[in-house]
Amino acid sequence: MSGSNIACANTLVRGMEKEVSLLRADLDRTRQGVGLEESSPELKKLMEENTKLQHRLAILQRACANLEPSNDSASMSSSGSIIGDLQHAFDGAIRKAYPDLNVPCVIAISSMAKFGDYQCNSAMNIVQQLKQQSAAKTTPREVAEKIVRALTNHEAFIEKIEVAPSGFINIFLSKVYVEQGVMNLLKNGINPPTLKKQRVIVDFSSPNIAKEMHVGHLRSTIIGDSICRFLEFLRHDVLRINHIGDWGTQFGMLIAHLQDKFPHFQTESPPIGDLQSFYKESKVRFDSDEAFKKRAYECVVKLQNGESSYLKAWNHICDVSRREFQNIYDRLDVKLCERGESFYQSRMVAIVDELKQGGFLEEDDGRLIMWGADRKGIPLTVVKSDGGFTYDTSDMAAIKQRIVEEKADWLIYVTDAGQATHFQTIFACAKRGNILDMQKHRVDHVGFGVVLGEDGKKFKTRSGDTVKLADLLDEGLKRSMDKLLEKERHLVLTAEELRDAQESVAYGCIKYADLSHNRNNEYVFSFDKMLEDKGNTAVYLLYAYTRIRSIARNCGGDYATNIQKVIDSATMRLEHEREWKLAKALLRFADVMLLITKNLSLHYLCEFVYEICTTFSEFYDSCFCIKKNKEGKIIEIHESRVLLCEATSRVLGRCFDILGVKPVDKM
């Protein structure tokens with residue numbers, strides 16, 4: 001078929017999809033309860049029309065799919081995803097068995113071994129669609145059997161298929177497929193699933209100049225860094241943005257106070273290392289001294305006009321803060337590119353002019369505001385009544401800059417969940433203002449809950465102050481060293497190894513405790529729980545990793561010094577049920593990556609890591625890797641099991657890297 005005919009067919013499909021979508025929306029607005037269509041002729045007619053359109057749409061989609069040649073065996077998923085491979089095979093079978101239906105292929109992990117490794121759960125949905133079309137009556141089991149008969153080119157990865165009476169298709173993976181999958185991990189590395197490369201900008205951390213980073217910045221920094229690591233592993237082009245507060249009225253206050261306290265600041269660097277105290281002093285003066293407040297506002301104007309002495313004072317204050325921020329980022333191994341409020345000043349003028357010319361701004365009590373298309377919620381205040389700009393203005397300017405100048409495909413903002421409404425409005429206005437095109441761009445607000453103390457209240461010091469992030473990290477180091485000394489690790493580790501283990505445990509437990517919770521929820525910060533060596537904690541996982549890493553070393557020879565040589569000549573054999581269970585768990589890595597791509601929730605990766613470690617423990621307790629005689633001499637090495645240990649350590653190592661946790665070989 002010619003290219004023009006293909007384009008025409010695709011246009012028809014898109015039109016049909018739009019019509020189906022509109023009808024579904026009508027149904028959703030009209031339908032108030034199950035069975036209502038029987039008492040509403042209009043609704044019943046809508047539902048019948050929707051079913052007919054879906055039927056016609058399915059036929060068109062099948063026709064478009066057949067326009068280009070395909071090779072089933074060659075078009076198997078190359079993503080490394082088991083679920084992807086299974087969905088490809090069963091989706092083809094469903095289309096072949098029921099070409100007139102548009103049914104999603106649902107693949108799930110089986111809950112019990114007797115039901116196979118995976119299940120295809122699409123039969124019930126097909127029965128319901130057939131019923132809507134008044135087709136001949138059939139059962140889920142009959143549908144499932146028809147799908148199985150339509151399967152082709154699946155023998156390479158499916159050992160056996162069983163159909164349950166309820167219509168579930170139980171899938172048993174091929175042992176050769178899993179064995180080859182593990183060897184592929186060892187020979188080719190832990191590679192990401194194949195996805196289209198995108199330019200992604202992640203906005204996270206975002207402290208304010210002249211204020212110390214506190215526990216409120218912890219979650220944004222940790223979650224944002226881990227999301228960046230995840231996206232970088234997927235080979236996206238990631239720009240890590242630190243949108244710091246480095247502009248505004250408070251800088252007039254700080255500059256005026258600097259002029260009074262250190263009048264020679266232009267020639268002598270003032271000792272204002274304790275910027276927090278300096279800020280508090282200036283704030284007291286600003287609130288109590290009208291003459292000082294007036295001068296502070298004058299300083300703001302001069303700073304905004306670019307007067308050199310005021311810019312120098314501003315730069316000095318910012319540099320002091322940057323050094324403090326960088327100390328925290330270095331300790332947590334977080335990298336960021338600073339783009340403060342000051343960066344967007346000229347761009348804010350431009351975005352206001354653009355929105356005015358587009359007719360998107362409305363006057364409201366002297367302000368200029370902007371609504372999203374649906375006019376819901378609270379509008380943006382783009383220009384204040386005094387002519388000044390707001391955070392709304394800079395956020396709109398930032399989106400424009402990131403889309404146009406940075407050529408971003410995907411924008412991610414990592415802030416507390418309390419800002420969800422703000423970002424909904426920002427995205428809606430950017431869309432209405434033709435800045436964001438939701439067909440081209442993806443935007444996500446990655447929200448998170450607050451950190452609670454063990455009393456269940458917002459995490460604060462005993463005196464009620466906000467917990468400083470530096471103090472929190474220092475306490476983590478102290479607690480982790482106490483734990484290591486309690487286990488007498490100082491007796492077997494060198495001073496350098498002990499320090500590395502201390503930092504690994506301290507920063508690892510803080511990061512993992514945060515990431516292992518669903519980010520949408522609050523979580524209780526407790527060093528005692530974080531440092532437990534049992535359960536889903538960083539300490540347990542790090543200890544498990546070091547034990548796994550030691551197995552190859554204990555084998556000696558090439559296993560200890562050149563394990564890649566062993567891998568290149570080895571053949572994997574999975575004979576014990578615990579080996580089989582561990583190998584299958586390792587191969588779920590790509591599926592976990594694809595899941596996180598959809599929701600940017602790293603707790604799924606933490607659950608995967610914990611599952612790997614507990615499954616490994618079951619394997620190690622049941623299957624010997626090294627057999628020794630009474631004198632302690634090695635008499636047998638089980639090659640496949642040692643290599644399975646090596647694959648486990650490599651998968652865990654990659655997961656730790658994404659989570660920002662640094663394991664050590666000795667602990």
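Let me start with D260, which in this predicted model counts as partly exposed at 38% relative accessibility. Its partner is R295, itself partly exposed with a relative accessible area of 26%, and the two form a salt bridge whose closest N and O atoms are 2.5 Å apart. This pair links distant parts of the chain, since R295 belongs to helix α10 and D260 to helix α8, 35 residues apart.

Helix α8 also carries K261, which forms a salt bridge with E281 in helix α9, 20 residues away, with 2.8 Å between the closest N and O atoms. K261 counts as partly exposed at 40% relative accessibility, and E281 is likewise partly exposed, at 33%.

Turning to the wider picture, the structure holds 44 salt bridges, and one of them joins the side chains of D657 and R229 at 3.6 Å, N to O. Here the partners lie 428 residues apart, D657 in helix α24 and R229 in helix α7; D657 is partly exposed at 37%, whereas R229, at 13%, counts as buried.

What, then, of E341, which is buried yet has no salt bridge? The nearest side chain of opposite charge, R402, is 8.4 Å away, but a polar contact of 3.1 Å joins the side chains of E341 and S394. E341 sits in the loop between β7 and α12.

Finally, the largest pocket holds about 1,100 Å³ of space and is lined by 41 residues, with S206, N208, H214, G216 and H217 lying nearest its centre. The lining divides into 12 nonpolar, 17 polar and 12 charged residues, and its largest share, four residues, comes from β11.

Note on methods
Residues numbered from 1 in each chain as written. Predicted model: local features only at pLDDT ≥ 70, side-chain atom pairs only at ≥ 80, totals over all residues. Heavy atoms only, no water. 1 Å grid on protein atoms, 1.4 Å probe; cavity = no way out; pocket = protein on both sides within 12 Å on 5 of 7 lines; lining within 4 Å. Points joined across faces, edges and corners; volume = space filled by probe spheres on them. Helix = DSSP H or I, 4+ residues; strand = E, 2+ residues; numbered from the N terminus. Nonpolar A, V, L, I, M, F, W, Y, C, P; charged D, E, K, R; others polar. Buried < 20%, exposed > 50% of the residue type's maximum accessible area, 1.4 Å probe, protein only. Lys, Arg positive; Asp, Glu negative; His and termini not counted. Salt bridge = Lys/Arg side-chain N within 4 Å of Asp/Glu carboxyl O. Polar contact = N/O pair within 3.5 Å; in protein donor to acceptor, adjacent residues only side chain to side chain.
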